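Trainee: Got a minute to go through this one with me? I'd like to start with the strands.
Mentor: Sure, pull it up and ask away.

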Amino acid sequence: MAAFQPHADLPPPSTTTGAIAWVRQNLFDSPLNGALTLLALYLLYLTVPPLVDWALIKADWSGSRSEDCSKAGACWVFIGVRLNQFFYGFYPEAEQWRVNLTIALLVAFILPLFIKRFALKQWLGAVMLAVYPVVAFHLLVGGSFGLEHVETSKWGGLFLTLVIAVVGMVAALPLGILLALGRRAENMPVLKALCVAFIELWRGVPLITVLFMSSVMLPFFLPEGMSFDKLLRALIGVALFESAYMAEVVRGGLQGIPKGQYEAADALGFGYWKSTILIVLPQALKLVIPGIVNTFIALFKDTSLVLIIGLFDLLGSIQSANSDTNWLGFSIEGYVFAACVYWVFCFGMSRYSQWLEAKLHTGHKR
Amino acid sequence: MIASQDAAPAAPASAGTTDAMIELQGVHKWYDKFHVLKDINLRVGKGERIVICGPSGSGKSTMIRCINRLEEHQRGRIVVAGVELTSDVKNIEKVRCEVGMVFQHFNLFPHLTVLENCALAPMWVRKIPRKEAEDSAMQYLERVRIPEQARKYPGQLSGGQQQRVAIARSLCMCPKVMLFDEPTSALDPEMIKEVLDVMVGLAESGMTMLCVTHEMGFAKTVADRVIFMDGGEIIEENEPGAFFSSPQQDRTKLFLSQILEH
C-alpha cells in the first residue's frame with residue numbers, strides 16, 4: 001500500500017493578491033459597491049478640503065490678542081491664550097506642578113503594567129490601588145506636608161474632567177461587579193432584591209437629576225451646619241450612577257459563562273469566593289471588555305454634565321472662555337478643540353480595549 | 001431489585017461501614033415534580049471500579065453528580081469517605097476535595113494554561129505552595145502523557161488531549177474517588193482510545209472509580225461491577241462477565257441488544 005502523500009501547497013492565483021486585486025474585490029466588486037465607493041469619494045472631496053483649509057492652511061497660530069486673527073480661518077490663538085485655564089481651571093499657577101506630578105505619577109505607575117515580562121505586575125498594581133489615591137489626594141487638595149490648601153472650587157478644565165472620570169471608573173467597576181454578583185445570588189433573596197432595587201433606581205434616573213439632587217437637594221436633608229464638598233458629592237453621584245450601568249454589563253458577562261465552569265470549580269472544591277475570583281470573573285470580565293470600555297467612554301463624556309452644578313470641567317471652562325468679551329466669536333474653535341481632546345481620550349480607551357482583548361485571547365486565532 | 005417508592009429512607013445508626021468508600025442508602029431525588037432517582041442503594045468498596053450504563057434520562061449522571069453534591073438529594077443518605085453529605089458547606093467542600101470528577105465536556109478553564117488548570121485547585125484549596133503544586137501537576141501531566149502541552153491553553157488542544165488534562169487536573173487533588181460522567185461521549189472516535197487508555201491505567205493503579213459510559217469494551221475489561229439503570233432505578237447489577245452474557249431483566253436485555261447491535 002502506497003503511503004499517503006499530501007499534495008504540495010500551491011501559491012494563490014495572482015488575481016487575488018496585491019493592491020489592484022484588493023481594490024477590485026473590496027471597492028468595485030459590484031455596480032452598487034462601485035457607486036457607493038464613488039459617492040463616498042465625492043462626499044470626502046466636498047468636506048475634507050474646506051475643513052483642512054479652515055483648520056490648518058488659513059488658520060492663525062501666533063499672537064496674543066483677538067486682533068491677531070485674520071478671521072479667514074480658525075483662530076487657534078484663542079486656544080493658546082486660554083490653554084492654561086482649559087487644563088487646570090483656576091488651580092493657582094504656582095501650584096500647578098502638583099497636578100502635573102499627580103498625572104505623571106499615574107503614568108509612571110501604569111506604564112510598567114504594559115510591559116509584557118514584568119514580574120512584579122500584581123504587586124505594583126496592588127500598591128498602586130492602595131497608595132496612589134492617598135498620595136493623589138494629598139497632592140491635589142493640599143493642606144498637609146507644607147502644601148497650600150487648594151479648594152476644589154478652583155479645580156477645573158481637563159484636570160477636573162480626568163479627576164471625575166478616573167474616580168468614577170475606579171469606583172464603578174468594583175462596585176458594579178459586587179452588584180452584579182448580588183443580583184445573581186439566587187439563594188439570598190434579600191441581598192438580591194436590594195441589588196436589583198439599587199440598580200434599577202440609579203439606572204432609571206438621568207445623570208443630570210443625580211447631579212442636581214447631590215448639589216441642590218442633599219443639603220436640605222443633611223443636619224444644619226454639616227456640608228460636604230460639592231465635588232465630592234458629584235463624585236459619589238457619578239460613581240454610584242455608573243456602578244449601576246457597570247453591574248448590568250458585568251451581569252451580561254456572568255451569564256455568558258457556561259454552567260460547566262461553575263460545576264468544574266465546585267467539583268474541585270473551590271468555595272464561592274475562590275471560584276468567583278479565580279475562575280468566573282476573569283472569564284466574565286474578558287467577555288465584556290467592549291461593554292466595560294463602552295461604559296467608561298460614556299462616563300468620560302458624561303463628566304461634562306457637571307457644568308450644570310457649577311463645576312467647570314474641560315467643556316465648562318471652554319464655554320466660560322467663549323463668553324469673554326475680548327474673545328467673542330471664537331466659540332467654534334473652542335468646541336472643535338474640546339471635541340479633539342475628548343476624541344483623543346475616547347479613541348485611546350477604545351484602542352486599549354482592543355489591545356487587551358487580543359492579549360487575553362487564549363484559543364485558536366481564526 | 002425493584003424498589004418500592006414509598007419506603008422510608010433507611011437510617012441505620014452506624015455511620016459509614018468500615019471499608020465502604022461510597023454509600024448510598026435509599027436516595028431519592030426530584031426535579032420539581034419529576035422523580036429522577038428512586039430509592040437508590042449502592043455501596044462502593046475501596047478500590048472498586050464500577051461502570052454505570054443505561055438509556056439517556058435514566059438518572060445515571062444525576063446519581064454520580066449527587067456523590068459530590070453537584071446535585072442535591074432530597075431523601076436518603078450519602079456517605080463519602082466517611083463524611084455524610086448534608087447541607088453543611090464545610091462537609092460538602094471536604095467531600096469535594098476527596099472526589100475527583102471528569103465531565104463529558106471537559107470543562108477546563110479556558111483562561112488558564114494547562115499547567116495552571118492543574119495547579120490551581122491544589123494551590124488554593126489544599127494551600128500547597130505554587131512550586132510544589134506545579135511540580136506535582138507536571139507529574140500527573142506526564143502520567144496522562146501530555147507534559148509537552150503544559151504551557152498551552154485548552155483552546156489549543158484536541159478534545160482527547162483536553163479530556164486527558166481534565167483527568168490530570170482531578171488527580172492533582174489526590175482524590176480517593178474518581179467520578180467519570182460520560183468522559184468519551186463528546187470525543188471524535190479516534191480520540192476515545194487515548195482517553196480510555198489513561199482510564200485503564202488509572203484503574204490498574206487501584207483508584208476507586210465510578211464511570212458512566214457507553215464504552216462496553218471498557219466495562220468488560222476494567223469494571224468489577226456493571227450497574228444498569230433505567231427510569232431512575234437500579235435495574236440490575238452484576239460482574240461484567242455475567243452482566244453481558246446472561247442479563248436477568250428484560251429491560252437490560254433490550255438495552256444491551258440495542259447498543260451491541262452495531
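Trainee: How many bridges join β3 of chain B to β9 of chain B?
Mentor: There are 4 bridges between β3(B), residues 49–53, and β9(B), residues 225–230, and the two strands run parallel. Keep in mind that this is a predicted model.

Trainee: And which residue is the bridge partner of I52(B) in β9(B)?
Mentor: That would be I227(B).

Trainee: What order do the strands of that sheet take?
Mentor: In chain B the order is β6-β7-β8-β3-β9-β10, so 6 strands make an open sheet with mixed pairing.

Trainee: Which are the edge strands?
Mentor: β6 (99–102) and β10 (233–238) of chain B, each pairing on one side only. From one strand to the next, the twist averages 20°.

Trainee: Nice. What does helix α1 of chain B touch on the sheet?
Mentor: Helix α1(B), residues 60–67, packs on the sheet and touches β3, β6, β7, β8 and β9 of chain B. Its direction makes about 150° with that of β7(B). Helix α6(B), residues 189–204, packs on the sheet too, touching β3, β7 and β8 of chain B. The direction of α6(B) makes about 145° with that of β8(B).

Trainee: Switching to chain A: where is T303(A) found?
Mentor: In the loop between α12 (289–302) and β1 (312–313) of chain A.

Trainee: Is T303(A) buried or exposed?
Mentor: T303(A) counts as buried because its relative accessible area is 2%, and the cut-off for buried is under 20%.

Trainee: What is T303(A) in contact with, leaving aside its neighbours within four places in sequence?
Mentor: T161(A), I164(A), A165(A) and D313(A).

How values were computed:
Residues are numbered from 1 along each chain as its sequence is written. Chains are lettered from A and ligands numbered from 1 in the order in which they are written. This is a predicted model: local features need pLDDT of at least 70, side-chain atom pairs count only at pLDDT 80 or more; totals for chains, interfaces and linings use all residues. Side-chain values use heavy atoms; hydrogens and water are left out. Buried means under 20% relative accessible area, exposed over 50%, partly exposed in between (1.4 Å probe, protein chains only). Contact means heavy atoms within 4.5 Å. Two strands pair if DSSP finds at least two bridges between them. Axes are lines fitted to C-alpha atoms, for helices over the stretch in contact, and angles run from 0 to 180 degrees between N-to-C directions.
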